[in-house]
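This report goes through selected features of one structure, beginning with its loops and ending with its core.

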Amino acid sequence: MNRDDAKDAKASQNGARFNPAMPGVAADRVIRYHIAIRHGGIPLMEILRMIRSLTTLISLLTLTLACAPAPPPPDALDNGLLLALAVLEKDANGRPVPQPAQLGILTDTGVGWSYTPVSDPESNVFHKAMVYEPRPGEAGILTAGGTGASLKLLRNGAEPEILWQADFGGKHSRMRDVEIADIFGDGTQALADATHDQGVVAVVTPTADGWEAVEIDSEPNTFVHEIEVGDLDGDGVVEIYATPSLPNKLDGTPQPGWVVRYVPATGEGRVEVADLEDRHAKEILVDDVDGDGTDELYVAIEAVAGGRVEIRRYDADTDPAEGALVASLEDKLCRFLTSGDVDGDGNKEMVAAAHKSGLWLLEPGQDPSAPWAITSIDRNSGGFEHAAILTDLDDDGIDELYVANDNAGEVNRYVWRDGSPVKENLYTHPEGLSGFTWNIMPVPVELIPAG
Ligand SMILES: [Ca+2]
Ligand SMILES: [Ca+2]
Ligand SMILES: [Ca+2]
Ligand SMILES: [Ca+2]
């Protein structure tokens, strides 16, 4: 037996199939050999085994994915937005016809934003909608309506509770603005309320078994546009600030206005804190924007009697005729001032939302009574009201800017990245917006009425 014969014999002994074409080499070895040439050294059986393993792995993965529940959407925000709206439709002659007041609820679904309208046929406008918890555990959505003038509290699953409804005896009866504060320093969250058109300023307080509304001021032929609450003199007692003016004019002629103060806890009645002469303000803001621990008052004076919009600052001891000019805007109207921290540096900024000139970021310098730095956020956002709010819906400690750009029927969000605002559209009214967004406020999703 030569060497080859010996190999064949050994192969036979080992049970390998004899290969007549290549005596001495088992058949599977031949195949291995050929494949080895083609694939640079990886034997065929190895490759087949790898393919089989891979196929099994893919099958298993496919099965796993098919059996697993659909992946959850990215985290939805725990907070949404309340939009207070007046909606108008045109009649056959093209005249605007007021529709029922609309509360627009915007919520983040995790993959986009969803808009749910809630209407109130008893009013033709919601001037404001905000979260209010009059007593512990009784949180709901407070609405301020016009014609008829009413404050209502909407709680999930219940008929809206009427807190106060009034007819002031003039041409219009409207709840125009409302703020929440511990007005009497007794721990009760009460409401300060501005109205049209008889100059009524009221305080509405939850009582043991209902509600008490007290008119703390009234003046015929007077619109009260806006209310703020705060503590300018730092004595721990809340003051109410209001902006009365003569009735609205649309012809640009002078509309004299003031900012006045009330301190219900001490019984102090109307005191003038800003004399705007032949101009008036439809927007005021009370907040500690400069961060020195004490609130200050900002007044956006409209330019309907000429000039530019002026934003003036008043402290507790400021002469009513001597408000410090911190900014002016090339515009006629500015109806939203909102403060917050857009860059997360712990210092507040202010945003002014003007009628036609857009959105402006205002930042105080070393001397917060000297003119502030002003930069444009977006010149292509606007509207008569141009409702805007700085608030932290995503709970990351940095405020985002939410704006109703009524000119385009949009609601947009701005977040600051590397010092610059980045705009994102959250919602566009499908038919455009025939009407006005009067206010935007945050709302936790658990307070949003179902369906
Ligand atoms: Ca005070
Ligand atoms: Ca301050
Ligand atoms: Ca800041
Ligand atoms: Ca945030």
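## Loop with a cis peptide

Gly 148 sits in the loop between strand 6 (140–146) and strand 7 (149–154); strands here are DSSP runs (E, at least two residues), numbered from the N terminus. The peptide bond between Thr 147 and Gly 148 is cis, with omega about 0°. Thr 147 lies in that loop between strand 6 and strand 7, and its phi is positive, near 50°, in a residue other than glycine. Thr 147 is partly exposed, with 17 other C-beta atoms within 10 Å. By definition, a residue is buried with 20 or more other C-beta atoms within 10 Å of its own, exposed with 12 or fewer, and partly exposed in between, C-beta atoms being placed from the backbone.

## Basis and confidence

The model is predicted: local features need pLDDT of at least 70, side-chain atom pairs count only at pLDDT 80 or more, and totals for chains, interfaces and linings use all residues. Residues are numbered from 1 along each chain as its sequence is written, while chains are lettered from A and ligands numbered from 1 in the order in which they are written.

The average pLDDT (the predictor's confidence in each residue, from 0 to 100) is 88, and 84% of the residues score at least 70. Over residues 1–40, pLDDT stays under 50.

## Other loop residues

A cis peptide bond also runs from His 196 to Asp 197, with omega near -5°. Asp 197 is in the loop between strand 10 (190–196) and strand 11 (201–206).

His 386, in the loop between strand 24 (373–378) and strand 25, has a positive phi near 60°. His 386 is buried, with 25 C-beta neighbours inside 10 Å.

## Antiparallel sheet

Strands 25, 26, 27 and 28 form an open sheet in the order 25-26-27-28, with antiparallel pairing (strands pair if DSSP finds at least two bridges between them). Strand 25 (388–391) and strand 28 (420–428) are at the edges with a single partner strand each, so one side of each has no neighbour in the sheet. Strand 27 (residues 410–417) is joined to strand 28 by eight bridges; Tyr 414 has Lys 423 in strand 28 as its bridge partner.

## Nonpolar core

The largest nonpolar core (buried Ala, Val, Leu, Ile, Met, Phe, Trp, Tyr and Cys residues joined through C-beta atoms within 7 Å) has 98 residues. Val 299, Val 351, Ala 352 and Ala 388 have the most contacts inside this core. Strand 1 (residues 79–90) gives the most to the core, with seven residues.

Methods:
Helices (H or I, at least four residues) and strands (E, at least two) are DSSP runs, numbered from the N terminus. Two residues are in contact if their C-beta atoms, placed from the backbone, lie within 7 Å.
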